Amino acid sequence: MPDSKVTAIAHPNIAFIKYWGNRDDALRLPSNGSISMNLEGLTTTTNVRFNSLLKEDLLTLNNKKLSGPALERVRTFLDLIRSIANKRIFAEVTSENNFPTGAGIASSASAFAALAMAATKAIGLNLTEAELSHLARHGSGSACRSIPDGFVEWYSGDQDEKSYAASIAPAASWDLVDCIALVTIGHKEVGSTAGHRLANTSPLQTARVQDAPRRLDICRSAILKKDFQQFAEIIELDSNLMHAVMMTSTPPLFYWEPQTLEVMRAVRNWRGQGIPVGYTLDAGPNVHVICLSSDYEKIKHNLEQMSFIQRVIIAKPGSGAVVLSN
Ligand code: DP6
């Protein structure tokens with residue numbers, strides 16, 4: 001096989017209905033379906049070059065050569081691609097994020113979406129969007145949602161092949177803005193992979209999972225109807241439910257800081273005053289404040305008035321993963 005080099009980009013995504021806990025951790029078969037929005041402007045750019053002279057896979061992230069668990073995770077993922085392509089050839093992977101690492105913006109989603117896209121093309125596979133999403137899921141669950149465009153639903157599926165994500169509405173369909181309020185930067189936390197393994201130790205997880213189809217229906221229809229009130233209420237409920245499960249796991253996971261709660265309260269107050277705004281949180285203390293683009297400057301200004309907020313990052317609905325060049 002001649003050496004081949006492909007670059008792809010992908011955006012991280014923010015989940016409105018969350019993925020927390022797996023039915024099968026090794027396969028990343030989630031306990032429930034989820035819905036998210038890709039984040040435009042925040043980008044992972046990944047170049048993959050398969051090279052017959054290499055003796056092992058190499059990984060460079062943000063100009064730093066990586067070894068240890070990060071490299072192992074990428075190697076395991078490349079093994080999967082090699083087995084599908086039935087080729088034994090190693091790769092040099094170079095990846096860059098244009099958003100701050102340690103800012104609590106999940107980079108594994110955009111990382112594995114861009115890697116799936118670039119590596120399959122570079123090794124000579126031509127996968128469909130659903131196949132790519134299914135593949136990216138094996139690298140990081142939420143990565144399957146960074147493959148399709150805009151507003152995306154991950155169908156949990158009852159077996160490996162049926163668990164992948166698809167677009168439910170294009171990025172341009174609703175002019176939402178995610179104002180990411182950074183409460184702490186670089187705070188050490190329990191990562192998502194370890195967190196998913198604890199979900200079933202919470203007595204609340206069963207109820208959260210059982211009620212998920214109802215929340216998915218409400219969230220999907222709110223996005224399609226652009227009903228902000230319904231949308232804000234369901235995303236806040238879903239985020240609170242996930243954090244309730246986290247806090248009641250063994251050992252418990254507390255991601256909130258006192259300032260996190262202060263932002264959540266402020267958002268609910270602003271909504272009470274008639275501003276369409278709602279919050280959602282990932283596995284970290286930073287708050288994703290979702291509003292309409294007509295209001296985002298005011299919301300950003302309000303957030304920046306809170307002295308403890310270090311920075312507000314703005315992201316509009318983003319496209320799916322794409323190949324840049326061969
Ligand atoms: C809280 O997809 O990062 O952001 O599959 O182990 O890589 P792994 O986990 P990951 O989990 C994301 C958890 C979340 C909620 C969500 O994005 O749905």
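Visitor: What area is buried between domain 1 and domain 2, and what share of that area do carbon and sulfur atoms give?

Guide: In this predicted model, about 3200 Å² is buried between the two domains, with carbon and sulfur atoms giving 65%. That total is summed over both sides. On the side of domain 1, Phe 16, Lys 18 and Trp 20 lose the most area to domain 2, together 27% of what that side buries.

Visitor: Where does the chain divide into these two domains?

Guide: Domain 1 covers 3–172 and domain 2 covers 173–315. Their C-alpha centres lie 23 Å apart. The contact between them draws on 33 residues of domain 1 and 46 residues of domain 2.

Visitor: Why is the pair Arg 220 and Glu 153 called a salt bridge?

Guide: The closest N and O atoms of Arg 220 and Glu 153 are 2.6 Å apart. The cut-off is 4 Å between a side-chain nitrogen of Lys or Arg and a carboxyl oxygen of Asp or Glu, so this pair qualifies. Across the interface of domain 1 and domain 2, the rule finds three salt bridges. There are also 14 residue pairs in polar contact between the domains, counting pairs with both residues at pLDDT 80 or more.

Visitor: Which elements give two or more residues to the side of domain 1 that touches domain 2?

Guide: They are the strands E2 (13–17), E5 (34–38), E10 (151–155) and E11 (164–169). E2 provides the largest share of that side, with four residues.

Visitor: How do you know that strands E12 and E14 pair?

Guide: Six bridges join E12 (residues 176–182) to E14 (residues 287–292). Pairing needs at least two, so these strands pass the test. They run antiparallel, and Ile 180 stands opposite His 288 in E14.

Visitor: What makes E13 and E15 edge strands?

Guide: Each of them pairs on one side only. They belong to an open sheet of four strands, in the order E13-E14-E12-E15, with antiparallel pairing. E13 spans 277–280 and E15 spans 311–315. From one strand to the next, the twist averages 25°.

Visitor: Which strands does helix H7 lie across, and at what angle to E13 does H7 run?

Guide: Helix H7 (residues 228–247) lies across E12, E13 and E14, at about 20° to E13. Helix H8 (residues 258–272) also packs on the sheet, touching E13 and E14. The direction of H8 makes about 155° with that of E13. Angles are taken between N-to-C directions on a scale from 0 to 180 degrees, so the value for H8 means that H8 and E13 point roughly opposite ways.

Definitions and conventions. Residues are numbered from 1 along each chain as its sequence is written. This is a predicted model: local features need pLDDT of at least 70, side-chain atom pairs count only at pLDDT 80 or more; totals for chains, interfaces and linings use all residues. Side-chain values use heavy atoms; hydrogens and water are left out. Contact means heavy atoms within 4.5 Å. Domain bounds come from an automatic or database domain assignment. Buried area is the accessible area (1.4 Å probe) that two parts lose on being put together, summed over both. A polar contact is a pair of N or O atoms within 3.5 Å; within protein, one must be able to donate a hydrogen and the other to accept it, and residues adjacent in sequence count only if both atoms are side-chain atoms.
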